[in-house]
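Here are a few short exercises on reading a sheet from its strand pairings. Have a look at the structure, try each task, and then compare with the worked solution.

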Amino acid sequence: MTIVHVKDPNGKPYAPTSIERATECASKGRGAILFDSDGRIWLELACAPPPSEPPPKSPPSSWRKKRIIRLRERDGDHCFYCLRLMTHEQMTLEHLLSRRLKASDSLENLVLAHRVCNENAGHLSIAEKVRIREQRLIDLLMNHAPQQRLRVLKELRIPVPTAKKNKSPPKPKKTHHPTAITQGAYLQS
Ligand SMILES: [Zn+2]
């Protein structure tokens with residue numbers, strides 16, 4: 001491949017290119033092909049190329065760390081999908097409404113999940129994501145003895161309504177009304 005050196009009108013050098021690319025560039029009026037005294041081929045650009053745009057920024061790790069701390073406080077250390085305990089290193093931020101849909105990065109749209117669980121659910125709707133969790137929760141509860149289920153729910157930060165004290169209906173006052181006697185006699189018979 002014939003190397004073509006590249007420079008802008010001010011003589012500032014750029015990465016070399018191929019003769020094909022340089023010819024194409026020159027044919028479009030974006031530069032001129034020159035030969036220097038050493039026989040080297042140059043593409044002198046018609047104007048300096050614009051500075052390359054910086055790559056899109058991914059959220060800084062400090063932002064991610066803060067989000068994880070807040071989510072652990074809110075939801076605990078269990079994966080949203082498989083409900084298993086995660087180590088800090090295993091935690092990834094899962095967007096319930098996908099980022100592809102330009103969803104928010106706010107806490108309301110975030111949960112913690114294993115990377116694998118996160119990726120497996122990536123294409124699903126919110127309803128389907130919740131269903132995976134519900135299914136897993138049912139399996140989990142079925143695998144625990146009834147007396148352990150409350151503990152499981154508590155660990156998962158799922159509020160359990162406290163059972164209302166069963167108020168027994170007031171007992172009818174004992175009367176000596178003839179009807180009561182009759183009724184009593186009927187019940188005893
Ligand atoms: Zn998981």
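**Exercise 1.** In this predicted model, find the sense in which strand E1 and strand E4 pair, and how many bridges join them.

*Solution.* Start with the ranges: E1 covers residues 3–7 and E4 covers residues 41–45. The two strands pair in the parallel sense, over three bridges. To place them against each other, take Val6, which stands opposite Leu43 in E4.

**Exercise 2.** Now work out how E3 and E4 run, and what joins them.

*Solution.* E3 and E4 run antiparallel, with five bridges between them. One partnership to check is Gly31, whose bridge partner in E4 is Leu45. Next, follow the chain: the two strands form a hairpin with five residues between them. In that turn, Gly39 has a positive phi of about 85°.

**Exercise 3.** Put the strands in order and say which ones stand at the edges.

*Solution.* The order is E2-E1-E4-E3, an open sheet of four strands with mixed pairing. E2 (13–18) and E3 (31–35) each have a single partner strand, so one side of each is left without a neighbour in the sheet. From one strand to the next, the twist averages 30°.

**Exercise 4.** Which strands does helix H1 touch?

*Solution.* H1, residues 19–27, packs on the sheet and touches E1, E2, E3 and E4. For its orientation, compare directions: that of H1 makes about 105° with that of E2.

Key:
Residues are numbered from 1 along each chain as its sequence is written. This is a predicted model: local features need pLDDT of at least 70, side-chain atom pairs count only at pLDDT 80 or more; totals for chains, interfaces and linings use all residues. Two strands pair if DSSP finds at least two bridges between them. Axes are lines fitted to C-alpha atoms, for helices over the stretch in contact, and angles run from 0 to 180 degrees between N-to-C directions. Two residues are in contact if their C-beta atoms, placed from the backbone, lie within 7 Å.
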